[in-house]
Amino acid sequence: MGSHSATRPLAAGRSGPLTGRMRVPGDKSISHRSLMLGALAVGTTTIDGLLEGDDVLNTAAAMRALGATIVKDGDGRWHVTGVGVGGLLEPTGVIDFGNAGTGVRLCMGLVASQPIAVTFTGDASLVKRPMGRVLDPLRQMGAEVLARSGDRLPLTLRGAATPMPVTYRVPMASAQVKSAVLLAGLGTPGVTTVVEPVFTRDHTERMLEGFGAAIGIETAPDGVRTIRLEGRPELKPQAITVPSDPSSAAFPIVAATIVPGSDVVVEGVLMNPARIGLIDTLLEMGADIEVVESRETGGERLADLRVRSAALKGVTVPASRAPSMIDEYPILAVAAATAHGETRMQGLEEMRVKESDRLSAVADGLKINGVDCTEGPDWLVVRGGSVPGGGRVATHLDHRIAMSFLILGFVAKAPVTVDDAAMIATSFPTFQPLMAGAGAVFLPAGDDDA
Ligand code: S3P
């Protein structure tokens with residue numbers, strides 16, 4: 001599995017107007033979950049529009065190693081034949097999730113309530129990321145963990161032979177933690193309860209319901225959600241169409257907003273309310289984003305978005321919005337670098353435990369390209385204006401840092417270089433051809449980068 005691809009430096013330069021229609025790949029969160037729930041259903045689930053990025057392909061390989069049969073047909077449709085809840089097999093080898101935090105954390109949930117032992121590892125980014133946030137509740141359910149260093153990968157998880165249902169209050173805004181507990185609840189007799197003080201993406205809940213699990217959700221007047229899942233259901237196979245990923249759409253949306261004269265339509269974007277904080281923020285900054293068509297499919301709203309360039313002004317982004325745009329702050333910071341005035345972003349503590357410490361990576365990348373910004377423990381202030389560029393950005397194995405700074409290059413006076421564009425393949429393998437097709441300028445990175 002793909003943890004050790006070669007690094008690929010790349011630069012981007014000042015670009016003319018971006019134009020045309022484009023479709024970004026399928027949503028990463030929904031793609032992971034489609035494969036996992038398909039692997040637990042009785043029968044064959046079909047998936048159209050699966051994101052074929054490295055992260056999701058690692059999840060497909062993991063589900064195969066756990067006993068599911070997964071094939072892709074000549075029309076690009078994926079077929080997942082599940083083993084039934086409780087039917088996962090103990091894999092013979094180590095499961096390497098590469099760069100994929102969602103993949104490994106959700107898979108740990110699946111394993112926690114099955115009497116099997118699984119050894120997980122990942123790439124140089126994933127082995128640094130905290131796993132205690134999912135292991136704590138999974139231990140309460142009866143799983144045992146053997147880790148080499150703290151609660152970090154590589155580690156072996158031995159699922160509980162007699163798992164116990166828990167009531168777990170998620171201590172940080174994390175859909176991965178919520179989802180790991182719910183997935184462990186599938187194999188657990190009785191009712192598993194997750195209390196979620198802050199609303200995060202709800203794809204797991206929606207899909208569990210779609211696959212026929214008995215799941216109930218109550219939202220208190222103060223917004224606290226209580227999710228109750230009845231364990232050991234028989235999941236029914238589904239026909240899934242994965243909508244376009246709003247976290248990938250964010251890149252062409254911001255690029256078209258900041259490159260003068262642009263007019264781009266991004267098609268079929270998932271508009272789940274827990275995912276569209278960036279669009280709200282860009283609109284407050286003065287962006288010109290129009291919903292040209294909106295439709296509903298598989299319980300989710302999708303939209304075609306027409307984006308024309310616009311002059312932006314700085315805003316204060318409230319901490320309460322962070323969960324609905326947590327992956328979008330790097331590209332928002334790029335938009336803010338071109339805006340008139342100051343943009344203040346707050347409540348960013350979770351950014352520090354993503355594929356990289358994204359708060360530092362963003363601040364360092366902006367500074368090295370002449371953009372004035374200040375980084376705090378959980379906040380960032382960017383003072384916008386014209387962008388000198390000319391810097392080489394350290395991406396720390398983080399796809400979103402790479403894409404964000406290439407887009408900064410489209411509006412900078414001198415080209416912006418990223419030290420490694422290879423990781424873009426984890427979530428948005430078609431990023432470069434799609435953007436180049438719209439008129440973006442990519443340049444080979446200089447000789448010193450070889
Ligand atoms: C995801 C949840 C978020 C997000 C990640 C995908 C998911 O992570 O950053 O890219 O699919 O559940 P956290 O749960 O750590 O906030």
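Helices (H or I, at least four residues) and strands (E, at least two) are DSSP runs, numbered from the N terminus. The model is predicted: local features need pLDDT of at least 70, side-chain atom pairs count only at pLDDT 80 or more, and totals for chains, interfaces and linings use all residues. Residues are numbered from 1 along each chain as its sequence is written, and side-chain values use heavy atoms, with hydrogens and water left out.

**Exercise 1.** State how many helices and strands the protein has, and assess its compactness.

*Solution.* Step one: the protein contains 12 helices and 24 strands. Step two: its radius of gyration, taken over C-alpha atoms, is compared with the globule rule, 2.2 Å times the number of residues to the power 0.38. The radius is 21 Å, close to the 22 Å that the rule gives for 450 residues, so the protein is as compact as a globular protein of that length. Step three: along the principal axes, the C-alpha atoms fill a box of roughly 60 × 45 × 45 Å.

**Exercise 2.** Determine what percentage of the residues is buried, and classify cysteine 107 and cysteine 373.

*Solution.* Step one: buried means under 20% relative accessible area, with a 1.4 Å probe and protein chains only. Step two: of the 450 residues, 59% are buried. Step three: cysteine 107 counts as buried because its relative accessibility is 0%; cysteine 373 counts as buried at 7%.

**Exercise 3.** Count the disulfides.

*Solution.* Step one: a disulfide is a covalent bond between the sulfur atoms of two cysteines. Step two: the criterion is a pair of cysteine sulfur atoms within 2.5 Å. Step three: by this rule, the count is 0 disulfides.

Technical notes. Buried < 20%, exposed > 50% of the residue type's maximum accessible area, 1.4 Å probe, protein only.
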